[in-house]
Amino acid sequence: MPKLDVKNITGKNVGSIDLDDSVFGAEVHEHLLWEVVKWQLAKRRAGTASTKRLGEVRGSSKKVWKQKGTGQARQGSRQAPHWVGGGSVFGPKPRSYEYNMPRKAKKAALRAALSLRASEQKIVVIDNFSISGPKGSTKQVATVLAALGVAQPTNKVLIVDAKDNGNLVVGARNLRASQWVAPEGVNVYDVLRHQTLVLTQAAVASITAALKIDAKGAE
């Protein structure tokens, strides 16, 4: 069972926490991670690209020239796809790119992503992420991240804490290298695109409760 030190907002150790093996010590399936990231990005696609078909292009539908006697190929309309400004044949139309994925596969991928970060020792647990007020909250968040040793220009940090911590939400969103997410919103894509995870003890408990597998293998 992985064991991590628990720190406070000044970076000092104030205890330790045992992480659940089924959540933070699971086998990492790279292909499953790829499948879930592809599914998440597909859901985000707007699907608003649209081209005009032959019947939607503006212009006269008059026959370009008579059928016979000109020595040229027969032409029906300048709206045809092979004319400049003509309609599109197989161009895109508005559509949804979303598709379904098994719930168990999504949960397994999230366990794999968290386990990957745990094996890399890229998870930092703090007792609580208290911010005194909305004024200066961005500076306070930056100070805490620096105290935890994760505030580096090339290091992106995913902060996980309850949504009722409004001052943290406001402070984190103004920092380019950090992102806040609620425990129930933790997902594979965000975990993988951030090098370090900063979790409060409450967030660890919430994530474990949602993803834990018991001794009988039931979720």
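Let's start with one residue: Ser115 sits in helix α3, which covers residues 103–119. Keep in mind that this is a predicted model.

**Ser115 and its surroundings**

Is Ser115 buried or exposed? Its relative accessible area is 3%, and buried means under 20%, so Ser115 counts as buried. What does Ser115 touch, once you skip the neighbours within four places in sequence? Its contacts are Val23, Phe24, Gly25, Ala26 and Val28. Val23 turns up again when you look at polar atoms: its backbone oxygen lies 3.1 Å from a polar atom of the Ser115 side chain.

**Leu148 and its surroundings**

Now hop along to Leu148. You'll find Leu148 in the loop that runs between α4 (137–147) and β4 (157–160). Leu148 is buried as well, because its relative accessible area is 6% and the cut-off is under 20%. Which residue lies 138 places from Leu148 in sequence, yet 7.1 Å from it in space? That's Thr10, with the distance taken from C-alpha to C-alpha. Leaving out residues up to four places away in sequence, Leu148 touches Lys7, Asn8, Gly11, Val124, Ile126 and Val198.

Here are the two residues side by side:

| Residue | Where it is | Relative accessible area |
|---|---|---|
| Ser115 | helix α3 (residues 103–119) | 3% |
| Leu148 | loop between α4 (137–147) and β4 (157–160) | 6% |

**Zooming out**

How many helices and strands does the protein have? There are seven helices and six strands. If you read along the sequence, they come in the pattern β-β-α-α-α-β-α-β-α-β-α-β-α. The radius of gyration is 27 Å, while the globule rule gives 17 Å for 219 residues, so the protein is more spread out than a compact globule. You can also picture a box around the C-alpha atoms: along the principal axes, that box is roughly 95 × 50 × 30 Å.

What about contacts across the chain? Take the contacts in the protein with a separation of 6 or more: 66% of them come from residues 24 or more positions apart.

**Surface and charge**

Of the protein's 219 residues, 36% count as buried, and Ser115 and Leu148 are among the buried ones. The protein exposes about 13100 Å², with carbon and sulfur atoms supplying 52% of that area. As for charge, there are 34 positive and 17 negative side chains. How far apart are the centres of these two sets? They lie 19 Å apart.

Terms used
Residues numbered from 1 in each chain as written. Predicted model: local features only at pLDDT ≥ 70, side-chain atom pairs only at ≥ 80, totals over all residues. Heavy atoms only, no water. Helix = DSSP H or I, 4+ residues; strand = E, 2+ residues; numbered from the N terminus. Rg over C-alpha atoms; globule rule 2.2 N^0.38 Å. Buried < 20%, exposed > 50% of the residue type's maximum accessible area, 1.4 Å probe, protein only. Contact = heavy atoms within 4.5 Å. Areas by Shrake-Rupley, 256 points an atom, 1.4 Å probe, with all protein chains shown as cover. Lys, Arg positive; Asp, Glu negative; His and termini not counted. Charge placed at Lys NZ, Arg CZ, Asp CG, Glu CD. Polar contact = N/O pair within 3.5 Å; in protein donor to acceptor, adjacent residues only side chain to side chain.
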